[in-house]
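Please look over the chain shown below before reading on. The paragraphs that follow take it from single residues to helix contacts.

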Amino acid sequence: MCLPYSGLFVWHVGRDDVVADSNQVLFVAAGETFRLSAPRSADFAELIVTPSIECLTEITGTSECRLRTHPLFARRTRRASLAVQFVCGRALRAFGGAGHDGLEGDEWLVDLLRLAFDVTSAPPVPSERTCRLLKETKEFLAAHMAAPVRLADVARAVHASPAYLTDVFRRHEGVALHRYLMQLRLARALIELPHADCLTTLALDLGFSSHSHFAAAFRQAFHCTPSAFRTSTRADSRQLASRGDTLSWRSVSPWTKISRPNSNACAKRTNG
């Protein structure tokens, strides 16, 4: 299970082009050849969780022989809820340094798996044309996350009418376009807050109109203020990793990796 938390990339696997941004969870089965590309972002980062078969069968309620046909492995992706994003942020903090608390991090990861594999509200499977429309829309929103965005601008960019786009997007992603964009900004805030010295600057950099707008949206989504979240993460963990140009794989748990690969590479890999 892959949870992008910074930037955007496209996962090309089989005949599918799956957009991976911080609003998506990817479900990866072993043995499939794939490649990555990142058309809209200078770099990206993701949390990769590889649970044991026993853990996965218990959480999904699926036998080992039927795991590959599980609806989420068949779909390859689903929208991440605010709860998934919040728990992902806490898991990243728990694994944030050499002195991390492995037990706490593992508990966050189990919670993350339970939330991500909840299929009670799975959206319909989109057609090839709809997949292309959704992909282009997500790429546009990710590229313009910090800027004022109007519906006409998005519709023009993806060559669809505003009415058609809003209907299709809401039906397949489960939220309106403006909510999807807001969730992208909030997910980014979860990652940036532990490093932020000025909350007003962060709010404006993320595309919020003011500090109060940011604080109200964050509190409504996560039931705490940005400053309270920043204080708690600074107190209970070290910073996740150097924010320089060096991007690398780093094992932090027997079943977890925090990945910051170089997005300029577009190599073919096999899941294993």
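Where is the place of R76? R76 sits in the loop between α2 and β7, the latter covering residues 77–79. The model is a predicted one, and in it R76 has a positive phi of about 80 degrees although it is not a glycine. Most residues other than glycine have a negative phi. R76 has a relative accessibility of 11% and therefore counts as buried, the limit being under 20%.

H223 also calls for a look at its backbone. Its phi is positive, at about 60 degrees, and H223 is not a glycine. H223 belongs to the loop between α10 (211–222) and α11 (226–236). With a relative accessible area of 69%, H223 is exposed, because that class begins over 50%.

Next comes helix α2, which spans residues 71–75. P71 is found in this helix, and so is A74. At 47% relative accessibility P71 counts as partly exposed, whereas A74, at 53%, counts as exposed. The cut-off that matters for A74 is 50%, because exposed means over that value. Both residues can be placed relative to F27. The C-alpha atoms of P71 and F27 are separated by 9.9 Å, with their positions 44 residues apart along the chain. For A74 and F27, which are 47 residues apart along the chain, the C-alpha separation is 8.5 Å.

The chain as a whole gives the setting for these details. Its secondary structure comes to eleven helices and ten strands. The protein chain has 272 residues, and buried residues make up 49% of them. Of the contacts in the chain with a separation of 6 or more, 71% are accounted for by residues 24 or more positions apart. The chain exposes about 13300 Å², of which carbon and sulfur atoms supply 51%.

Several of the helices can be followed through their contacts. How do the axes of α6 and α7 lie, and what angle do they make? Helix α6 covers residues 151–158 and helix α7 covers residues 162–173; their axes come within 9 Å and cross at roughly 90 degrees. The two helices are therefore roughly perpendicular to each other. On the α6 side the contact is made by L151, V154, A155 and V158, and on the α7 side by P162, L165 and T166. By class, this contact has six nonpolar residues, one polar residue and no charged residues.

Helix α8, residues 177–192, meets α5, residues 128–143. The axes of α5 and α8 come within 10 Å and cross at roughly 50 degrees, which makes α5 oblique to α8. The crossing of α5 past α8 is right-handed. In α5 the residues that take part are T137, K138, L141 and A142, and they meet L177, Y180, L181 and L184 in α8. The residues of this contact divide into six nonpolar, one polar and one charged.

Helix α8 has another partner in α10. The axes of α8 and α10 come within 11 Å and cross at roughly 90 degrees, and these helices are therefore roughly perpendicular to each other. From α8, the residues M182, L186, A189 and L190 take part, and they meet H213, F214, A217, F218, A221 and F222 in α10. By class, the contact of α8 with α10 has nine nonpolar residues, one polar residue and no charged residues.

One more residue of α8 deserves attention. Is R185, a residue of helix α8, buried or exposed? At 8% relative accessibility, R185 counts as buried, because the limit for that class is under 20%. Which residues is R185 in contact with, leaving aside its neighbours within four places in sequence? They are M145, A147, L206, G207 and F208. R185 can also be placed relative to F218: the two are 33 residues apart in sequence, and their C-alpha atoms are 9.7 Å apart in space. F218 is one of the α10 residues in the contact with α8.

Methods
Residues are numbered from 1 along each chain as its sequence is written. This is a predicted model: local features need pLDDT of at least 70, side-chain atom pairs count only at pLDDT 80 or more; totals for chains, interfaces and linings use all residues. Side-chain values use heavy atoms; hydrogens and water are left out. Axes are lines fitted to C-alpha atoms, for helices over the stretch in contact, and angles run from 0 to 180 degrees between N-to-C directions. Helices (H or I, at least four residues) and strands (E, at least two) are DSSP runs, numbered from the N terminus. Angles under 35 degrees count as roughly parallel, over 145 as roughly antiparallel, 65 to 115 as roughly perpendicular and the rest as oblique. Contact means heavy atoms within 4.5 Å. Ala, Val, Leu, Ile, Met, Phe, Trp, Tyr, Cys and Pro count as nonpolar, Asp, Glu, Lys and Arg as charged, and the others, Gly among them, as polar. A crossing is left-handed if the near helix is turned anticlockwise from the far one by less than a right angle, and right-handed if clockwise. Buried means under 20% relative accessible area, exposed over 50%, partly exposed in between (1.4 Å probe, protein chains only). Accessible areas come from the Shrake-Rupley method with a 1.4 Å probe; for residues, only the protein chains shown count as cover.
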